[in-house]
Amino acid sequence: MRTEMFAHPMSFRRDPGAQAERLRAIGVDRVRLAYAYHGGRWLLTTSDPAAVVDFPPGRWFAPDGDAVAGGTPLPVLGDEATAAAKALIASGVAVTGWLVGLHQSHLATSRPELALCNAFGHRYRHALCPSQPEVVHYARSLVAETAEQPGVSGLELEAFGYLGWQHQSAHDKSGAQLRPADRWLLSLCFCGSCAARFAGAGLDAVETAARTRAALHAQLADPQPARTIAQDAVAALGQDQHDTVLAVRSQVTTDLVRTAAEASGGLPVSIRATGDPYACDGKSSDDLGALARAAGSLTVTNLAGDASALCRDLAAAGRTEGQVVAGWNLGAAQTHSEEELMDVARRVRSHGANALVLYAYDLAPAPRLQWLRHVPGDPVAGGPATQARQHDEQSEPAR
């Protein structure tokens, strides 16, 4: 089992060679390096300890072409990814281009008609709709351009599917008592393209939107305790409409991933995925078999620190024909000791994962990097019994 890390190219601004050597020395085989990323505000721990770095959404490489959505290009924020990849490869560390695809507020704000549109007609400025043809073209172009970058030997696709209402940005606030099903209902898209996909599946999008609004109004007015998300979602939409909505959204996501992966120029592609059909957190869901066939490999993560949830998704992913990689958060709030990390590594290895990818260089406390020297490397046959799938209440936003 390989040891890999997620990293942002801004972490290589100061002496990229030294950062690359640090990663090589602790046994990192590959870095999943952000070539396109949403906006963020990072408190750095390693390359420039205690530095607070703000950055807007966009891409960190300068391609010959332009990945555009509706004629609006994804902003080029610099060429740091190219410099970081060069240093990593020189140190013997392989590079996967990490793309946070549809979680792009610049594009969704500039072209709101391409953004997610909820049942109330409100547009979400942080997320593009995967059913829109122009968005699919943008995703495919972004993959193709990244695949051509020097040294990139694989692609990691995150946020290639439907994102949700719940999003940690712009000081989001709500005094309402929302159940997991309510957050999912608020995340349903009813843009013209999605409405057409619903109609093609025999669903009346107007009626479905009306049922969605009624359920949300009822919860806001008189909060009810949550049952399972499936029970509450079916109660809101009715069984037939609920099932059709899930099936359409699953197919839209698979179509997007397949189209994007076809533009990889033959490079290996892994899709950040989950078997949870209600997930709207940057992972593509829910048919893991279809996603594995579309991309070739699945990256299964739990960055919230729930090892049991990670293993449930790994068990489901292991039943597909795709290669599987596991992702875990090395941050102080999610991993409390080296012993805990080793336990997670053993569990991941027992599920047959090819690699453990840790999140993230320059966010986790720097001394923890030494723990990676002890992560077990050889695969172990067999694994724990599959556990019943549970919904994680969208606890892991796109990273």
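## Exercises on a predicted protein model

Ser 11 sits in the loop between strand S1 (2–7) and helix H1 (16–25); helices (H or I, at least four residues) and strands (E, at least two) are DSSP runs, numbered from the N terminus. This is a predicted model, in which local features need pLDDT of at least 70, side-chain atom pairs count only at pLDDT 80 or more, and totals for chains, interfaces and linings use all residues. Residues are numbered from 1 along each chain as its sequence is written, and side-chain values use heavy atoms, with hydrogens and water left out.

### Exercise 1: Ser 11

Decide whether Ser 11 is buried or exposed, and find its contacts.

**Solution.** Start with the cut-offs: buried means under 20% relative accessible area, exposed over 50%, and partly exposed in between (1.4 Å probe, protein chains only). Ser 11 has a relative accessible area of 0%, so it is buried. Next, look for contacts (heavy atoms within 4.5 Å). Leaving aside neighbours within four places in sequence, Ser 11 is in contact with Gln 19, Ser 47, Tyr 361 and Asp 362. Finally, take Asp 362: Ser 11 and Asp 362 are 351 residues apart in sequence, yet 6.5 Å apart in space, C-alpha to C-alpha.

### Exercise 2: Thr 253

Locate Thr 253 and say why it counts as buried.

**Solution.** First, find Thr 253 in helix H9 (residues 239–261). Then check its relative accessibility: at 3%, Thr 253 counts as buried. Last, list what Thr 253 touches, not counting residues up to four places away in sequence: Phe 160, Gly 161, Tyr 162, Ser 284, Ser 285 and Leu 291.

### Exercise 3: Helix H4

Compare the expected span of helix H4 with the distance between its end C-alpha atoms.

**Solution.** The expected span of a helix is 1.5 Å times one less than its number of residues. For the 15 residues of H4 (residues 133–147), that should give 21 Å. The end C-alpha atoms of H4 are 21 Å apart, which agrees. Now look along H4 for buried residues, among them Val 135, Tyr 138, Leu 142 and Thr 146.

### Exercise 4: The whole chain

Describe the make-up and compactness of the protein chain.

**Solution.** Begin with the secondary structure of the protein chain, which comes to 12 helices and 15 strands. Its radius of gyration is 20 Å, close to the 21 Å that the globule rule gives for 399 residues, so the chain is as compact as a globular protein of that length. That radius is taken over C-alpha atoms, and the globule rule is 2.2 Å times the number of residues to the power 0.38. To finish, note that buried residues make up 59% of the 399 residues in the protein chain.
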